[in-house]
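The following paragraphs lead through selected elements of the structure displayed here. Please keep the sequence and the model in view while reading.

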Amino acid sequence: MKPDHLQFFIDPSRCIGCQSCVQACTECDTHRGDSMIHVEYVNRSLSTQTVPVVCMHCDQPTCAEVCPADAIKRTADGVVQTARKPRCIACGNCVMACPFGVPELKLERQIMMKCDMCYDRTSVGKKPMCATVCPSQALFYGTREQIEQLRPRSIPTNRFQFGKQTITTGVSVMVPRDGPRPEVLDVTAAMDTEPATRARSGASRIPGLEVLADPFAEIEV
Amino acid sequence: MTTPLDPRIDSPGREGLTGTARSSVYEAVTDRDQISLPPDGRSDSAQPAWRGDFPIDWPADHYVARRDFTRFLVLTSLAFSVGQWWIAVQQWWRDRRGRPPLKRIAALRDVVPGSVLVFAYPGENDPCFLVRTRDGALLAYGQKCTHLSCAVIPDPERGVIRCPCHEGLFELGSGRPIAGPPPRPLPRVLVEVRNGDIYATGVEERTV
């Protein structure tokens, strides 16, 4: 059973996109060759910023709610386990339902597989593999006091808003301590707002650097 | 105010965080039967009954109440005994019904050797087929495959009856299964020739 005082923290701003976590996850013997973590680009055309995606272990797991075969279970320590092999029918409902985009369908093996916070390791007191290899500690596994001491300028939050659905997760995401700190992180609203980027805002924040033309703008012939 | 912690993750007393300590160094987590909350956030008593049958929590999923198990045993054995009685009653009815009436199928001269004729016997919804082999013998069987009731296709040239659904094969001479999934022989329709006409006189259901 995973110790209660050890928690998973994701600090997306520290992610450097090195794919170490993906490699480490791929080498695990419980799912050799498949990575349960993936590194996503936030907005590939505007930025090189990446973000690691692991299972957030929700209090109300949407994947388990929509599972018609009753295959996704949550253990008493709050870890949402990967699909039970005898039950999973590879229908892909969980893949569609998960707001974080975590579950992946392995069609050739007819099963869904997802991150289970390295349950074989965390249940015996070890860290998840991705957190042990992350060079910038964008993935951190430890106590809450530790992360608050290590990251004095950010604060962990674990409440997200997706449309009308509010999700409380077991995994926390670090957000800046100063600035507006809403009760929940409204993810869908953040997708609609235009980021204040150098290229699009019309004026370069770096003096002497020309504003880049939008590479995806339509060209008049 | 708590004492400041050493932020280095491999400081003494925090070896567990580096992945080297046994789980016994941590205090045991108390077992919680139910930690997941239903999406509407209402209490368990306000939830529909099916939530109790499909719990998300692992401990609740593994829990079988004695009452539920007893109910399962009683209902299952009841269903089995009712089924046995139902089979006995059906058998009794079948024995009382007697042989079906005669029915003329065709004139013998219309059925040339090597041809196949489809007819219905004893009822309108009991498709059968009649085969006249090259040497003149008359063979008639029910057309429903004994596997999943697909229509079988006789092949007098090869001396087999083939079911296209799952590649079941029957012997033409006896109607017995020789390959594929069919478990029983096809029901044989007894035929007789009287005054140059072919009549069906009865159906022989066979188990082996």
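**A sheet in chain A and a helix in chain B**

Strand 1 of chain A and strand 8 of chain A (residues 165-176) pair in the parallel sense over 2 bridges; strands are DSSP runs of E of at least two residues, numbered from the N terminus, and two strands pair if DSSP finds at least two bridges between them. The model is predicted: local features need pLDDT of at least 70 and side-chain atom pairs count only at pLDDT 80 or more, whereas totals for chains, interfaces and linings use all residues. Residues are numbered from 1 along each chain as its sequence is written, while chains are lettered from A and ligands numbered from 1 in the order in which they are written.

Within the parallel pair, I10(A) stands opposite V173(A) of strand 8. Strand 1 (residues 7-10) also runs antiparallel to strand 6 of chain A, joined by 4 bridges, and there I10(A) stands opposite L139(A). These strands belong to an open sheet of 5 strands in chain A, with the order 6-1-8-7-9 and mixed pairing. Its edges are strand 6 and strand 9 (185-186), each of which pairs on one side only.

Strand 6 (residues 139-142) is covered on both faces: L139(A) and Y141(A) on one side, and F140(A) and G142(A) on the other, are all buried. A residue is buried if 20 or more other C-beta atoms, placed from the backbone, lie within 10 Å of its own.

In chain B, helix 3 (residues 66-97) is hardly covered, the count of buried residues among its 32 residues being 0. Helices are DSSP runs of H or I of at least four residues. At 1.5 Å a residue, helix 3 of chain B should span 46 Å, which agrees with the 47 Å between its end C-alpha atoms; the expected span is 1.5 Å times one less than the number of residues. G98(B), with a positive phi near 80 degrees, follows helix 3 of chain B.

How values were computed
A residue is buried if 20 or more other C-beta atoms lie within 10 Å of its own, exposed if 12 or fewer, and partly exposed in between; C-beta atoms are placed from the backbone.
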